[in-house]
Amino acid sequence: MSLAPCPQCQSEYVYQDQNLLICPECSFEWDPVEAKQQAEAAAIKDVNGTPLSEGDKVTLVKDLKVKGSSQVLKIGTKALIRRIVEGKDHQLDCKLDGAGEMMVTAKFVKKA
């Protein structure tokens, strides 16, 4: 049985003690089930719950006002996700057709 490497030091000498995995090199202990659930919860998802990644093409599901401008981004505007950012307000750094580079909240897009 092959176990996942240690998330802290990447050591392959990991052993299992009941439901925990333990690294003998750095003494780190973790529950692989909880680690998997946290990774899934941290994934950025669109309005339909589909996980998003860099390079995905998305469309807006709502008209959005641009802060500090009179410009409005119309529903159905296509965008390309340049990168995913861990932030408070916006998660996606996108290039929008006709509008240029903008930060967009993931709950206002759907995967195309």
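Strands here are DSSP runs of E with at least two residues, and they are numbered from the N terminus. With that in hand, let's walk through this model, which is a predicted one.

## The pocket

Start with the largest pocket, which has a volume of about 270 Å³. Its lining is made up of 13 residues. Leu64, Lys65, His90, Met103 and Val104 are the ones that lie nearest the centre of this pocket. Two strands, β5 (64–65) and β9, each supply at least two residues of the lining. The one that gives the most is β9, with three residues. What classes of residue does the lining have? There are seven nonpolar residues, two polar ones and four charged ones.

## The five-stranded sheet

Strand β9 also belongs to a sheet, so let's go there next. Five strands make up this open sheet, and reading across it gives the order β9-β8-β7-β4-β10, with antiparallel pairing. Which strands are at the edges? They are β9 and β10 (109–111), each of which pairs on one side only. On average, neighbouring strands in this sheet are turned by 40° against each other, if you ignore direction.

Here's a bit of background for looking at it. Strands of a sheet pair through backbone hydrogen bonds, and the pairing can be parallel or antiparallel. In a regular strand, the side chains alternate between the two faces of the sheet.

Now zoom in on one end of the order. Strand β8 covers residues 92–96 and strand β9 covers residues 100–104, and the two pair in the antiparallel sense over five bridges. If you want a spot to check by eye, find Lys95, which stands opposite Glu101 in β9. Together β8 and β9 form a hairpin, with three residues between them. Gly98 sits in that turn and has a positive phi of about 80°.

Moving along the sheet, strand β4 (residues 57–60) pairs with strand β7 (residues 78–84), antiparallel again, over three bridges. In this pair, Thr59 stands opposite Lys78 in β7. Strand β4 also pairs in the antiparallel sense with β10, over three bridges. There, Leu60 stands opposite Val109 in β10.

One residue of β7 is worth a closer look: Arg82 lies in this strand. Which residues does Arg82 touch, not counting those up to four places away in sequence? They are Glu54, Asp93, Cys94, Lys95 and Glu101. Two of these names, Lys95 and Glu101, are the pair standing opposite each other in the hairpin. Arg82 and Ile44 are 38 residues apart in sequence, and their C-alpha atoms are 14 Å apart in space.

## The three-stranded sheet

There's another open sheet, this one with three strands in the order β1-β2-β3 and antiparallel pairing. The strands at its edges are β1 (15–17) and β3, and each has a single partner strand, so one side of each is left without a neighbour in the sheet. Strand β2 (residues 20–22) pairs with β3 in the antiparallel sense over two bridges. Leu21 stands opposite Trp30 in β3.

Two residues around β1 have backbone angles to look out for. Gln10, in the segment before β1, has a phi near 65°, which is a positive value in a residue other than glycine. Gln18 lies in the loop between β1 and β2, and its phi is positive too, at about 60°, although Gln18 is not a glycine.

## Just after β3

Follow the chain on from β3 (29–30) and you reach Asp31, in the loop between that strand and α1 (32–42). Is Asp31 buried or exposed? At 16% relative accessibility, Asp31 counts as buried, because the cut-off for buried is under 20%. Leaving aside neighbours within four places in sequence, Asp31 is in contact with Asn19 and Leu20.

Helix α1 holds Gln38. The C-alpha atoms of Gln38 and Asp56 are separated by 22 Å, and these two residues are 18 residues apart along the chain.

## Who is covered and who isn't

Here are the relative accessibilities of the residues picked out above.

| Residue | Relative accessibility | Class |
|---|---|---|
| Asp31 | 16% | buried |
| Arg82 | 43% | partly exposed |
| Gln10 | 53% | exposed |
| Gln38 | 56% | exposed |
| Gln18 | 72% | exposed |

Arg82 counts as partly exposed because its 43% lies between the cut-offs of 20% and 50%.

Note on methods:
Residues are numbered from 1 along each chain as its sequence is written. This is a predicted model: local features need pLDDT of at least 70, side-chain atom pairs count only at pLDDT 80 or more; totals for chains, interfaces and linings use all residues. Side-chain values use heavy atoms; hydrogens and water are left out. Two strands pair if DSSP finds at least two bridges between them. Helices (H or I, at least four residues) and strands (E, at least two) are DSSP runs, numbered from the N terminus. Buried means under 20% relative accessible area, exposed over 50%, partly exposed in between (1.4 Å probe, protein chains only). Contact means heavy atoms within 4.5 Å. Axes are lines fitted to C-alpha atoms, for helices over the stretch in contact, and angles run from 0 to 180 degrees between N-to-C directions. On a 1 Å grid over the protein atoms alone, a cavity is a set of points where a 1.4 Å probe fits but cannot get out, and a pocket is an open set with protein on both sides within 12 Å along at least five of seven lines; lining residues have an atom within 4 Å of a point. Grid points are joined across faces, edges and corners, and a volume is the space filled by probe spheres set on the points. Ala, Val, Leu, Ile, Met, Phe, Trp, Tyr, Cys and Pro count as nonpolar, Asp, Glu, Lys and Arg as charged, and the others, Gly among them, as polar.
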